[in-house]
Amino acid sequence: MTTARVEATARAAHAGQTDKAGRPYAEHLRAVAEGVRARGGDEEQIAAAWLHDAVEDDRLSQRWLEEAALTRRTKDIVLAVTKRSGEPSEAYAARILATPGALLVKEADLAHNADPARLAVLDGPTRARLTEKYARMRALLGLVAEEGDS
């Protein structure tokens, strides 16, 4: 599956979905894919970035992912970054760290999720909760704070 086809599939799967700020969800997917590219990610990681929330959000099934014309590595990255219901953050982080290529995708995801401009439009309690959540995940993944992070 080409990256363009993966993008089209992800956009279709998330059609009508919005993020916490009410923006079209595809904007987040695009930002994560661009973040992966900017960090030196390869085409498999960029494909995984487009699909990183599709299974978690029940937009595409795990069966669809397994049967899709994607590399095993792309599928493994998507599964690694798919948070499972009730899963402890430590187990989630360990799976990401154990999966080649997944850390870069999650790093780009966290960078966009924690973007101060995105967080600024949320109410105070939500902003504080998410800021702490993202900082904790970065710490579990061993990612150093980026300039401007608090």
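**Figure 1. Arg-95 in helix H6 of the predicted model**. Let's start with a charged side chain: is Arg-95 buried or exposed? With a relative accessibility of 15%, Arg-95 counts as buried, because the cut-off for that class is under 20%. Setting aside neighbours within four places in sequence, Arg-95 is in contact with Leu-79, Ala-80, Thr-82, Lys-83, Arg-84 and Glu-87. Two of these partners, Leu-79 and Ala-80, are also listed among the buried residues of H5.

**Figure 2. Helix H5 and its surroundings**. This view turns to the helix that holds Leu-79 and Ala-80. Seven of the 10 residues of H5 are buried, so this helix is largely enclosed by the rest of the structure. To find them in your viewer, look for Thr-74, Lys-75, Ile-77, Val-78, Leu-79, Ala-80 and Val-81. What covers these buried residues? The cover includes H3, helix H4 (62-67), H6 and H7.

**Figure 3. The packing of H5 on H7**. Here is one of the helices that cover H5, seen as a pair with it. The axes of H5 and H7 lie 9 Å apart, and the helices pack at an angle of about 50°. That angle makes H5 oblique to H7, and the crossing is right-handed. From H5, the contact uses Ile-77, Ala-80 and Val-81, while H7 brings Ala-102, Val-105 and Lys-106. Sorted by class, the contact has five nonpolar residues, no polar ones and one charged residue.

**Figure 4. The packing of H2 on H7**. H7 also meets H2, and the axes of this pair come within 8 Å and cross at roughly 130°. H2 is therefore oblique to H7. How is the crossing of H2 and H7 handed, left or right? It is right-handed. On the H2 side you will find Glu-27, His-28, Ala-31, Val-32, Gly-35 and Val-36, and they meet Leu-104, Val-105, Ala-108, Asp-109, His-112 and Asn-113 in H7. By class, this contact of H2 with H7 has six nonpolar, four polar and two charged residues.

**Figure 5. Val-36 and the largest nonpolar core**. Which residues touch the most other members of this core? Among its 40 residues, they are Val-36, Trp-50, Leu-51 and Leu-141. The elements that each give two or more residues to the core are helices H1 (3-13), H2 (25-38), H3 (43-51), H5 (72-81), H6 (89-98), H7 (102-113) and H9 (124-140). H3 supplies the largest share, six residues. If residues up to four places away in sequence are left out, Val-36 touches Gly-41, Gln-45, Ile-46, Ala-49, Leu-104, Val-105 and Ala-108.

**Figure 6. Helix H3 and its packing partners**. The helix with the largest share of the core deserves its own close-up. H3 is mostly covered, with seven of its nine residues buried. The buried residues are Gln-45, Ile-46, Ala-47, Ala-48, Ala-49, Trp-50 and Leu-51. They pack against H1, H2, H4, H5 and H7.

**Figure 7. Gly-142 in the segment after H9**. We finish with a residue that is exposed: the relative accessible area of Gly-142 is 62%. How far apart in space are Gly-142 and Leu-103? Their C-alpha atoms are 9.8 Å apart, although 39 residues separate Gly-142 from Leu-103 in sequence.

Notes: Residues are numbered from 1 along each chain as its sequence is written. This is a predicted model: local features need pLDDT of at least 70, side-chain atom pairs count only at pLDDT 80 or more; totals for chains, interfaces and linings use all residues. Side-chain values use heavy atoms; hydrogens and water are left out. A nonpolar core is a set of buried Ala, Val, Leu, Ile, Met, Phe, Trp, Tyr and Cys residues joined through side-chain atoms within 4.5 Å. Buried means under 20% relative accessible area, exposed over 50%, partly exposed in between (1.4 Å probe, protein chains only). Helices (H or I, at least four residues) and strands (E, at least two) are DSSP runs, numbered from the N terminus. Contact means heavy atoms within 4.5 Å. Axes are lines fitted to C-alpha atoms, for helices over the stretch in contact, and angles run from 0 to 180 degrees between N-to-C directions. Angles under 35 degrees count as roughly parallel, over 145 as roughly antiparallel, 65 to 115 as roughly perpendicular and the rest as oblique. A crossing is left-handed if the near helix is turned anticlockwise from the far one by less than a right angle, and right-handed if clockwise. Ala, Val, Leu, Ile, Met, Phe, Trp, Tyr, Cys and Pro count as nonpolar, Asp, Glu, Lys and Arg as charged, and the others, Gly among them, as polar.
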